[in-house]
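Subject: The structure I promised you

Hi,

Here is the structure we talked about, handed over for you to open and turn around. Have it on screen while you read, and I'll go through what turned up.

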Amino acid sequence: MKRVMPILIALMFIASFSAVAIAQESFLGKFEISDIMEYKALPNYIEPEALELAVAKGELPPVWERLPKNPQVIKSKVMSDGLGVYGDKWRVFCGSPTAGWNWAAGLTSGWWGTEVLVWEGLVEPAHMWMLKNPIEPVPNLATSWEWSEDGKTLTMHLLEGAKWSDGVEFTADDVLFTYYDCHLDSHIPSFLGAGAWTINGKLTELEKVDKYTIRWRFGAGFPLYILFRMGRYGLAPVPKHVLAKHHPKYNPDATYEGFIHSLPPEDLPVVTLGPWVPVKFEPARFIVARRNPYYWKVDEKGQQLPYFNEAYIEKGRRGITRTLNVIAGSIDYTNLETPGVFSFALEEARRSDSYFVARFVGYNASFSLQPNFSLYKGVKTERDRAMRELFRDPRFRKALSYAINREGITNSIFPGPLIAPYEGSLVDSSPYYDPDAIVTYAYDLEKSKGLFAELGFKDIDGDGIMEWATGTPLAGQDLTLVIHIVEDETAAVNLGEALVPYLREAGIKSVLKVIKTTTYDALSDSGELEIPIYRDNVLCLTPLTRLTDLGPVTEITPTWHQAGPGGERDLFPFEARLRDLINSLKTERSGSKVRETFSEIQNLWTENVYTIGLYKMQVGNAIANRLRNVPPGTPPYMYEWFDVAQCAWQLWVPKEEQKPELLPGVIPTYEEK
Amino acid sequence: MILKNERSRKKNSFAEPVKGEAYIQLVWRKFKRSKTAIIGAILVIIMAILAIFAPFFSPYNPLKIDHRASFSPPQRIHFFDDKGKFHLRPFVYNLKLELDPQTWKRIYTEDTSKRFPIYFLVRGWEYKPFGIPCKLHLFGVAKGGSIHLFGMDNYGRDLWARIMLGGRVSLSIALLGAILSAFIGSMVGTISAYYGGITDMILQRIVEFLQSFPQLPLWMALSIAIPATWSSLYVFIAIMMLFGLLSWTPLAREVRGKVLSLREQEFVLSAKEAGASDARIIFKYLIPNCLSHIIVVLTITIPWLILAESTLSFLGLGLQPPMVSWGVLLQEAQNLQTMGRHLWIAIPGAFIVITVLGFNFLGDGLRDAADPYSRR
Amino acid sequence: MISYIIRRILYVIPLLLAVSIVCFVIIQLPPGDFLTAIESQLKSQAGLSEEESRKMVDEMRKTYGLDKSMPVQYLIWIKNIVTKGDFGYSFGYRKPAQEVIWERLKWTMIIALSAHLISTLVGLLIGIYSATHQYSLGDHLSTFLAFIGLSFPEFFTALVIMYLLVFRFRVPHVGGLSSPEYVLATWNWAKFVDFLQHFWIPVVISGVAGVARNMRVMRANLLDVFRSQYVITARAKGLKERIVLYKHAVVNALHPIIAYQGVALPYIVQGTMVTAIVLNLPTTGPAFYDALVFQDTLLAGSFLLMVTVVLVIGNLLSDLILAWIDPRIRYD
């Protein structure tokens, strides 16, 4: 009976799951760039009444003067509920403090989606998940670009006539200021320093061709991955006309310290290219942002975007508050990323008076054990050395993989299809996922025992735990794994707790160390983690955006095999091949070649058990059901977070469901400074 | 702080000299008369027994994980079966697990097809009191049945067993911390007063220094500094030391005041005259005469440390899982939604309240009793 | 008397110095620093690679002098506090630590003072009632309730109240200080009602223990005073019971409570701390907690130092107050 039940249950799930998930056809991998948007002039533009009124009073220039010559037209194809109407407010929850508005100096607006309000990149990686062929990101402030023959020169055309929210024109000077005077200035802790812009030992050069054209010169041909550095989180231009007077290079009286903090959170309204302009801020409580009258996106009818007149950001401290508030109907979206909340959210979503829908769109996160292979970094004791030598033996990794009952673990943690066994490397939602390339060493205690015996491990004292063989440095001691887990990753902690008894069954003792993020990262940086449980959203999904983390291409990556002082590191043969493949991907432009390469990587990875996969998970979203136009199938994370990928500017709420705005009619106005 | 004032206000009433058996009888008679003190003592004794013999009272291993029974609710004890028939021996029904096909939520219902009578002194999981293997448990049900009186936690561990075990940790950390604090406090107080002069000066400066820190923030800061990589035992000892080393100052001041007056008394002076060593005078005459006071303060410190431990652990700064204490157990209740749907995970909170209440009753009763000449 | 005051004040200076060193050292104890937190944010939120994020924080470490030795960092910190009133840089908020604390102080004080005032008032009234009706049903009941109040851990009270509000009374918005729709409204009746609906929760939770303590102190003091010679004399003189009670007994019984006000501030600030953390209020408590957890070192250290300094000064004041109202205290 016990054995039949899971199968029956599994069948039930499959039937019901398809009913839940496929409400609207997903946009994942469906479009060409031209299906999503284009840059063109429309015969007629429409704006909300409040702005019309301001224009009539002469407080604002008319809408066609505020828009660029060819604004970005968002196509109706990506608007699943059609053209919207103006009004209401978008309600976001933010769990980190707002540091300031000088994002080129490394100050965050608070993460959690607040970046959408004010940061706009040259390109838009957030749209990429919709692309059929996701090699290059979607244009944004850079409307198009051409590569030179050898791929070492890239000419970019900027959106002509786009204006900052104070009405000043955005030009190539802003980009050059952001690049040279912020990113490359070593006194300024920008998100990307010179290191990120150096290719093959050559610092990338940027020159201004004309007011609306810039040219990049790289140290290698077609460095596509550098394009991802030109998105919202990389090269998001800052307003030179606002910031230059605080910069020591332009103002001899200014200091770097002063420059970094020249735009503190309470300095409002912000000068931005984004859809909403923060106008009110109270620390630890909220930010209110009003629509940017100069925003440069319109819909096909000519309505200036965004549809929401306002964005309200509630400040809090913990992710769970966001979930609870979405359920209570006071926040518009959240991620669902621990099995512990899945049932709860699904159940609440099914109530007739529920404020939200729960969406799961496929496996997009993974958990694995990362055995530390480094012999030259973070080795402090005899035991460290012995453990790493052991991890380096492929037989051990296979034996460990055989020892783990993944079915049992996933079933007991969450008995539904939202989590599933995982072997390592990529997961299903990744555009490069290739199930045929993956080698599995699925649960098989016999094989595991056999391999352990080969390695000399035997349970001598009869306590059910195998001991190290005589002659080894740890002779007679129990085979013990020290597993570090980050405390905040509830799902990983859960998994660790579930793993312990299964490992014990296989004769392996395990000690869980649940530690704070900062401690974990400090240990990771110094290469002292033994075999942590690691949760991954990026490498298993969109590895192209963080290629260097994938294998031994820098001294500190992969984190589980870092090089020692002087770059000393004994690579496995398959790792050397991995390194070459990753390096080749850095400049690869052909979609099919990229796919092929990733197939080989997945094969190498899983065949050699580079990491020991545990389970993969469908991170989901809870989205307020009043919202229209959330693109069907928007992944919680892929290239960018859901916060960005849901295309906030095109969201709207029908008139009869709209809620009152906090500052109705208010238009951001700037005092002369 | 107010407590301190309250205590110092009562300081003068502790000035009676050597206490013999008559004194103890007097105290006991006075103590007996206070109903609340007796209730407090009973509560404390019950909690102590539950904690000391935790495995005996737990039909299940508190560390055993059964994910499939995650958040299964408390089982009810029945006397009447589903047909309304009365059974003298109480019984439970097993819980049937079903899954909601849409949300994959586990739904538990009573399976009334089979009764599981509760038996006493049964054999169950093995534990080792003092290294001797033992399988005896106070109660349990026949094979095939289960009895989870307080339900299961997130990982499917028996909450009843975990509360018993947690009580052991919470009570012992508070008790050891309080004893350490009482020891240091009485030693420092006595030495300070007995030797006086520069010794007194230095010790009093240390006391003042320690008292200048606000407790809660200081404890939070110190407990977060305990290395995350330490083993549970070390963390336990570290927190215990923290409690002991930081909470002795009020006692030291009071003992000092008391010894200052004792120092000049006949019996101490004559002992000195007779050439008794300092150590002898301290341990034979001074400390015993403060003992009733020290015990009272000890009793008041324990509940205070229980509250401190549970607060720190609840905030994730004190003891950490896999260590179990009442505060650690309540970490799970941190998420309101978890607690709202599985109310039983808040039961450890009730144990904290009851225990602290018991100690407060007891301490109050002892304080009044130790001062038998007062009229209250 | 004057020399006593001067001596006490002079004595405070080395004490403060020692205290500041300890605050600084404690906060520096855990491994890693806030920049490791920034590093992981850069990886998880901004999608930076391992290499990029680590380079950035290494540069920041240099910029902010975190690569210097601990004594040097301490000297810089204390020098800036004394000379410029600058408590150092909070990485979590990217601004001076004192600003972070300052902007949260308003709500901290409002909540803490309300809780303190209400708990003192209510506690005193119940205490007076209890003492004047000794051994009555009301006395027993309030004494018992006071015990219960002292036995609830604050966080547990908070959990229970939140649970009742959300799951039993279905209150739509709990936590924080106002519903989202009122944050910017000008003060009107509806907003005031909404504010009160949020405000009473932390006040009550952090006030419960205070009520219980004050009640017990007042009751005990008053009973003592009743037995004192001059009250007996006053009664014997045939003064009205009301006058005896309020003009003589209560006033005298209040002495220790008045003296306590000197040190009340740090205690009431820390008293609301746990509540504020559980309820997620925009006050200093949660900021301190987060600063500890994320090793926002200087912010945590500054907060600890500030509360400690207030406590030291409060202790001084309350000693002076006591010396002033109670001439029996010796000045040596």
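First, one word you'll need: a residue is called buried when its relative accessible area is under 20%. Please also keep in mind that this is a predicted model. With that in hand, look at helix H13 of chain C, residues 284-293, where 10 of the 10 residues are buried. The buried residues of H13(C) include Gly285(C), Pro286(C), Phe288(C), Tyr289(C) and Asp290(C). Just past the end of H13(C), Gln295(C) has a positive phi of about 55°.

Helix H9 of chain A, residues 319-328, is mostly covered too, with 7 of its 10 residues buried. Among them are Ile320(A), Arg322(A), Asn325(A) and Ile327(A). Right after H9(A) comes Gly329(A), with a positive phi of about 85°.

How far to trust it

The overall scores are ipTM 0.86 and pTM 0.81. Chain B has a mean pLDDT of 85, and 93% of its residues reach 70 or more. For chain C the mean pLDDT is 81, with 94% of the residues at 70 or more. There is a stretch to be careful with: over residues 1-17 of chain B, pLDDT stays under 50, although the model has 38 contacts for them beyond four places in sequence. Where pLDDT is low, the predicted coordinates should not be read in detail.

Chain B as a whole

Chain B has 14 helices and 4 strands. Its C-alpha trace spans about 85 × 45 × 40 Å along the principal axes. Of its 376 residues, 57% count as buried. Take the contacts in chain B with a separation of 6 or more: 69% of them are between residues 24 or more positions apart.

Helices that pack

Two packed helices are described by the angle between their axes and the distance between the axes. In chain A, try helix H12 (residues 394-403) and helix H14 (residues 445-454): their axes are 8 Å apart and the packing angle is about 150°. How do H12(A) and H14(A) run relative to each other? An angle over 145 degrees counts as roughly antiparallel, so H12(A) and H14(A) are roughly antiparallel. The crossing between H12(A) and H14(A) is left-handed. On the H12(A) side, the contact is made by residues including Arg395(A), Phe396(A), Leu400(A) and Tyr402(A), while H14(A) brings in Leu445(A), Leu451(A) and Phe452(A), among others.

Another pair joins two chains. Helix H6 of chain B (residues 197-211) and helix H1 of chain C (residues 2-28) cross at roughly 65°, and their axes come within 10 Å. H6(B) and H1(C) make a right-handed crossing. From H6(B), the contact uses Arg205(B), Glu208(B) and Phe209(B), and from H1(C) the partners include Arg8(C), Tyr11(C), Leu15(C) and Val22(C).

While you're in chain C, click on Leu320(C), which sits in helix H14 (residues 297-325). Is Leu320(C) buried or exposed? Its relative accessible area is 18%, so Leu320(C) is buried. Setting aside neighbours within four places in sequence, Leu320(C) is in contact with Tyr4(C) and Ile5(C). Asn80(C) is 240 residues from Leu320(C) along the chain, and their C-alpha atoms are separated by 30 Å.

Backbone oddities

Most residues other than glycine have a negative phi, and most peptide bonds are trans. Here are some exceptions to look up:

- Leu268(A) and Pro269(A) are joined by a cis peptide bond, with omega about -5°. Pro269(A) is in the loop between helix H8 and strand E12 of chain A.
- The bond from Thr557(A) to Pro558(A) is cis as well, with omega near -10°. Look for Pro558(A) in the loop between strand E22 and helix H17 of chain A.
- Trp112(A) has a positive phi, near 55°. Trp112(A) is buried, since its relative accessible area is 16%.
- Tyr135(C) has a positive phi near 70°, in the loop between helix H5 and helix H6 of chain C. With a relative accessible area of 54%, Tyr135(C) is exposed.

And the cysteines

How many disulfides does a search of the whole structure find? The count over all chains is 0. Two cysteines to look at are Cys182(A), buried at a relative accessible area of 0%, and Cys23(C), buried at 0% relative accessibility.

Have fun looking around!

How values were computed. Residues numbered from 1 in each chain as written. Chains lettered and ligands numbered in written order. Predicted model: local features only at pLDDT ≥ 70, side-chain atom pairs only at ≥ 80, totals over all residues. Heavy atoms only, no water. Disulfide = S-S within 2.5 Å. Buried < 20%, exposed > 50% of the residue type's maximum accessible area, 1.4 Å probe, protein only. pLDDT = per-residue confidence, 0-100. Axes fitted to C-alpha atoms, helices over the stretch in contact; angles between N-to-C directions. Helix = DSSP H or I, 4+ residues; strand = E, 2+ residues; numbered from the N terminus. Parallel < 35°, antiparallel > 145°, perpendicular 65-115°, else oblique. Left-handed = near helix turned anticlockwise from the far one by under 90°. Contact = heavy atoms within 4.5 Å.
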